[in-house]
Amino acid sequence: MKVLILGSGVIGVTSAYYLARAGHEVTVVDRQPEPALETSFANAGEVSPGYSSPWAGPGVPVKAVKWLLMKHGPLVIRPKLDPGMWVWLLKMLRNCTSERYAINKSRMIPIAEYSRDCLRDLRRDIGIQYDERSQGTLQLFRYQAQLDGTGEDIAVLKQYGVPFEVLSREGCIAAEPALAGVKEKVAGGLRLPQDETGDCHMFTQALAKHAEALGVRFMFNTGIDRIVTEGARVSGVATSAGMLQADAYVLALGSWSSRLVAPLDISLPVYPVKGYSITVPIKDASGAPESTVMDESYKVAITRLGNRIRVGGTAEISGFSSQLYGARRATLDHSLTDLFPRGGDLSKATFWSGLRPMTPDGPPVIGPTQYANLHLNTGHGTLGWTMSCGSGRVLADMLSGKKPDIDVSALTVDRYKYRFG
């Protein structure tokens with residue numbers, strides 16, 4: 001088939017690669033001049049299936065109030081006269097129950113675990129390089145109460161067979177030796193040894209070259225205006241380069257996906273939640289993290305990527321604004337210098353923000369729509385890098401008429417038809 005993919009972030013490019021490998025004629029369209037220049041550009045760098053959890057969970061509404069009042073809080077809401085913002089927030093609150101949390105997490109872990117395995121296969125098959133490390137993730141607790149509250153998460157990890165280690169202060173230092181200099185700030189940790197790290201931007205650009213070698217055509221600097229339909233099928237996509245037509249269409253535009261399908265009467269509650277990061281050159285390798293450290297107090301991830309440290313965090317609900325706020329950087333600076341004071345040179349840091357495409361329940365949206373030849377691959381939130389290869393592989397199998405290796409029937413957009421949220 002001829003397949004047109006809208007979006008050249010990590011989700012669009014992985015979809016293109018696997019579709020081309022399956023023998024399809026693929027074209028990727030994007031307004032940017034290169035792949036992975038928006039949300040995939042400078043994310044936290046984690047490939048973390050074990051941390052694949054919905055943001056909506058029991059206790060989150062109460063925690064949110066506390067976070068909003070913290071100096072370095074992980075949550076910011078900038079109210080706007082945008083009905084989409086308030087409807088999305090209400091739907092998220094609807095999912096903040098133990099029952100919904102369990103269901104939503106059960107839908108996220110399988111695609112995340114499968115995706116990590118696909119990524120490993122890809123490394124073996126094509127030797128792709130992206131500052132990868134396979135040294136696990138350490139969720140760091142500064143307070144004993146945080147460590148004591150891990151029972152529910154550990155129960156879920158056991159349920160899905162995800163290996164984990166509960167670590168004392170000394171165990172955390174053994175995993176991340178640079179923490180020895182700030183050991184009084186460490187109460188303990190939860191380590192997931194099978195998690196990985198890597199530069200998503202570097203990966204996506206490298207994979208795009210492999211996709212081109214398989215025949216994928218990339219149309220950059222091309223604005224996407226609207227999807228045109230005839231009856232129950234898509235007949236084309238209006239772009240700044242004219243009308244583009246194919247046998248099948250894949251929407252992988254992240255936060256912008258919901259706007260594009262709204263005129264088609266597709267209810268897709270994907271809304272942008274902005275995240276921030278700084279990228280800091282390593283000053284003292286012995287004072288830098290070995291892999292990823294999740295600072296639980298501030299919900300900040302500190303990741304080693306080659307000769308750099310990537311620090312990512314914050315959930316800012318402010319619509320489609322890409323404005324950089326200095327207070328958000330202060331939180332990232334604080335977490336890094338508090339835990340790894342010798343590691344990076346902050347004077348040379350770069351500051352970035354990206355719009356995470358979040359669903360109110362947590363799982364991404366992958367699969368068909370009511371239009372026979374339109375498929376979705378979006379809504380991955382903070383886990384686009386983690387879930388990218390698996391999502392692209394599953395979608396390619398669907399369009400090729402093959403049964404995917406895992407059941408993703410609960411990830412389609414149909415799940416929003418029958419309940420609020």
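**View 1. Q139 and E296 meet through their side chains.** In this predicted model, a polar contact of 2.7 Å links the side chains of Q139 and E296. Q139 sits in strand 5, which covers residues 137–141. Its relative accessibility is just 9%, so Q139 counts as buried, the cut-off being under 20%. Looking past the neighbours within four places in sequence, you'll find Q139 in contact with Y51, G188, G189, L190, M294 and E296.

**View 2. G306 sits in a loop and meets D131.** The loop in question runs between strand 16 (300–305) and strand 17 (308–317). Along the chain, G306 and D131 are 175 residues apart, yet their C-alpha atoms are separated by 5.3 Å. Neighbours within four places in sequence aside, G306 is in contact with D131 and I282. Is G306 buried, exposed or partly exposed? With a relative accessible area of 29%, G306 comes out as partly exposed.

**View 3. Six strands make up an open sheet.** Read across the sheet, the order is 9-2-1-13-20-19, with mixed pairing. The edges belong to strand 9 (217–219) and strand 19 (365–368); each has a single partner strand, so one side of each is left without a neighbour in the sheet. On average, and ignoring direction, neighbouring strands here are turned by 20° against each other.

**View 4. Zooming in on one edge, strand 19 pairs with strand 20.** The two run antiparallel and are joined by four bridges, with strand 20 spanning residues 374–378. Look for G367, which stands opposite L376 in strand 20.

**View 5. Helix 1 lies across several strands of the sheet.** Helix 1 takes in residues 10–21 and lies across strand 1 (2–6), strand 2 (25–29), strand 9, strand 13 (248–251) and strand 20. Against strand 1, helix 1 runs at about 170°.

**View 6. The largest nonpolar core has 44 residues.** The residues with the most contacts inside this core are I5, L19, V26, I111, F203, V216 and W385. Among the elements that give two or more residues to it are strand 1, strand 2, helix 4 (98–126), helix 8 (200–213) and helix 11 (384–399). Which element gives the most to this core? That's helix 1, with eight residues. For a closer look, pick V216: beyond its neighbours within four places in sequence, V216 is in contact with A16, A20, V26, V28 and A211. Another core, of 24 residues, lies apart from the largest one and includes I173, V182, V186 and F340.

Definitions and conventions. Residues numbered from 1 in each chain as written. Predicted model: local features only at pLDDT ≥ 70, side-chain atom pairs only at ≥ 80, totals over all residues. Heavy atoms only, no water. Pairing = 2+ DSSP bridges. Axes fitted to C-alpha atoms, helices over the stretch in contact; angles between N-to-C directions. Contact = heavy atoms within 4.5 Å. Buried < 20%, exposed > 50% of the residue type's maximum accessible area, 1.4 Å probe, protein only. Polar contact = N/O pair within 3.5 Å; in protein donor to acceptor, adjacent residues only side chain to side chain. Core = buried A, V, L, I, M, F, W, Y, C linked by side-chain atoms within 4.5 Å.
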